[in-house]
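Biologist: I should be grateful for a close look at one part of this structure, namely the place where two helices pack against each other. Please then set that part beside the sheets and the remaining helices.

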Amino acid sequence: MVSLTFTEGTFLIMAEHLSQSELDYPFKLLEYFNGFRISKAIFSACELGVFDLLLQSQKPMSAVEVAQKLGTSEDGVERLLDVLVAIEIVDVEVVQGTAFYSSTDVANQYLAKTSPKSLHDLIIYNSQTIYPLWNNLVDAVREGKNQNEKTFGLPSEEIFSAIYRSEEEMLKFMGLMNSTWVIDGHDIVTAFDLSNFKTVIDLGGCSGALARELAKEYPSSTVTVLDLPAVVQTAQRHFAQQDDTICFQEGDFFEGEIPPADLYILARIIHDWKEDKNLKLLKKIHAACPPGGGVLIAEALLFENRRGPTMVQMFSLNMLVQTEGKEHPPSHYTHLLTDAGFRDVQVCRTGKSYDAILALK
């Protein structure tokens, strides 16, 4: 795993080529304009249970059969299925003039709710929570603050009051985090050799998905998730696994004490908050950390020139719409950790959605 850099010139050349090719006909622009429709088609198929039905079916199904099983209109579901075929998420075979649809391996693995690697909860959260927030993106850009009040009627300063505004919403968010670390967690916990850290606390570890990945990789380590009481109780009710080796502890790492540990994990925590709050938290962790201990941060990293990756730039825009924070390049975290008293800051770009940063005391 290596750190990748791209020059600003590279992106200027790409932009120039895009502009030149678009002058005759704006193919790429039209593709971008329609991006939200593609997202919503996938979201809707998940919410309707299309992928679960096709996975469970012993044979390809016609639109009529799908509509009957799901309680939808035949015309509506046929149009939706045809879009999913066009974007290569569903397969189709026409027999004597009738289209029969079946699920692809990708859909079975990532879109069906019953798959161990399912992104179903992530999709539901994007559809039902993030999508409404982005309807107010114009106001977020104008005002420079999140849109929780306009979207959900909750104060913009209390971001987790909005995220956890009901048990149903808490479950959606926890499902999102669970989906994230089921597919990205292994890359985070193997970005560095963490075998020397015998006690690990995942601060704000939510459902425990990342902690489980770490416990699997380092079975001799004791791994604990510390989160708010309501989150811990929900995690134990809905996300516990029979072979769990991780522990849960109720607490508030911002307001309460931080228990002693060799390694602390902050996964998708720093990007939620403003710098002064993050620095205060990191100094608190540094004070609790023994000599030789450390902190592992998992975040999506911008390039140093902030010209990409595009997905991370989109994440940062989402932070504007939903939280107080933003995404940063590696140098920001290096300075933040150094200011908090940490040393030997190492950065690993995983090549996936999230990257890893390790710093020692």
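Modeller: The part in question is the pair formed by helix α5 (residues 63-70) and helix α6 (residues 74-86), whose axes come within 9 Å and cross at roughly 115°. The model is a predicted one. The crossing of α5 past α6 is right-handed. On the side of α5, Ala63, Val64, Val66 and Ala67 make the contact, and they meet Glu74, Val77, Glu78 and Leu81 of α6. Sorted by class, this contact holds six nonpolar and two charged residues, with no polar ones. An α-helix has 3.6 residues a turn, so residues three or four places apart point the same way. That spacing can be followed in the contact list, which includes Ala63, Val66 and Ala67 on α5, and Glu74, Val77, Glu78 and Leu81 on α6.

The strands β1, β2 and β3 form a sheet of their own. This sheet is open, has the order β1-β3-β2 and is paired in the antiparallel sense. Its edges are β1 (61-62) and β2 (90-95), each of which pairs on one side only. Between β1 and strand β3 (residues 98-103) there are two bridges, again antiparallel. Serine 62 of β1 has phenylalanine 100 as its bridge partner in β3. On the other side, β2 is joined to β3 by six bridges, and these two strands run antiparallel. There, valine 94 is matched with alanine 99 of β3. The hairpin of β2 and β3 has two residues between the strands, and glutamine 96 adopts a positive phi near 50° in it.

The two faces of β3 can also be told apart. In a regular strand the side chains alternate between the two faces of the sheet. In β3, the covered face carries Ala99, Tyr101 and Ser103, whereas the uncovered face carries Thr98, Phe100 and Ser102. Phe100, on the uncovered face, is thus also the bridge partner of serine 62, while Ala99, on the covered face, is the partner of valine 94.

A further sheet has seven strands. It is open, with mixed pairing, and follows the order β6-β5-β4-β7-β8-β10-β9. β6 (247-250) and β9 (343-348) are the edge strands; each has a single partner strand, so one side of each lacks a neighbour in the sheet. On average, and ignoring direction, neighbouring strands here are turned by 20° against each other. At one edge, β9 pairs with strand β10 (residues 355-360) in the antiparallel sense over four bridges. Within that pairing, valine 347 has isoleucine 357 of β10 as its bridge partner.

Two helices lie across this seven-stranded sheet. Helix α12 (residues 167-189) lies across β7 (263-267), β8 (294-299) and β10, and runs at about 120° to β8. α12 is mostly covered, with 17 of its 23 residues buried. The helix is also kinked by about 55°, the kink being centred on isoleucine 183. Helix α13 (residues 209-217) lies across β4 (199-203), β5 (222-227), β6 and β7, and its direction is about 170° to β5.

Three single residues complete the picture. Threonine 323 is placed in the loop between α16 (310-322) and α17. Its relative accessibility is 6%, so threonine 323 counts as buried. Apart from residues up to four places away in sequence, threonine 323 touches Asn146, Ile159, His271, Asp272 and Asn318.

Aspartate 339 belongs to helix α17 (residues 330-339). With a relative accessibility of 51%, aspartate 339 counts as exposed, because the cut-off for that class is over 50%. When neighbours within four places in sequence are left aside, aspartate 339 is in contact with Leu279 and Lys283. Its C-alpha atom is separated by 9.0 Å from that of leucine 282, although the two residues are 57 residues apart along the chain.

Isoleucine 38 lies in helix α3 (residues 35-48). It has a relative accessibility of 36% and therefore counts as partly exposed. Isoleucine 38 and leucine 263 are 41 Å apart, C-alpha to C-alpha, and 225 residues apart in sequence.

How values were computed:
Residues numbered from 1 in each chain as written. Predicted model: local features only at pLDDT ≥ 70, side-chain atom pairs only at ≥ 80, totals over all residues. Heavy atoms only, no water. Pairing = 2+ DSSP bridges. Axes fitted to C-alpha atoms, helices over the stretch in contact; angles between N-to-C directions. Contact = heavy atoms within 4.5 Å. Bend = angle between axes of the 7 residues up to and from the residue. Buried < 20%, exposed > 50% of the residue type's maximum accessible area, 1.4 Å probe, protein only. Left-handed = near helix turned anticlockwise from the far one by under 90°. Nonpolar A, V, L, I, M, F, W, Y, C, P; charged D, E, K, R; others polar.
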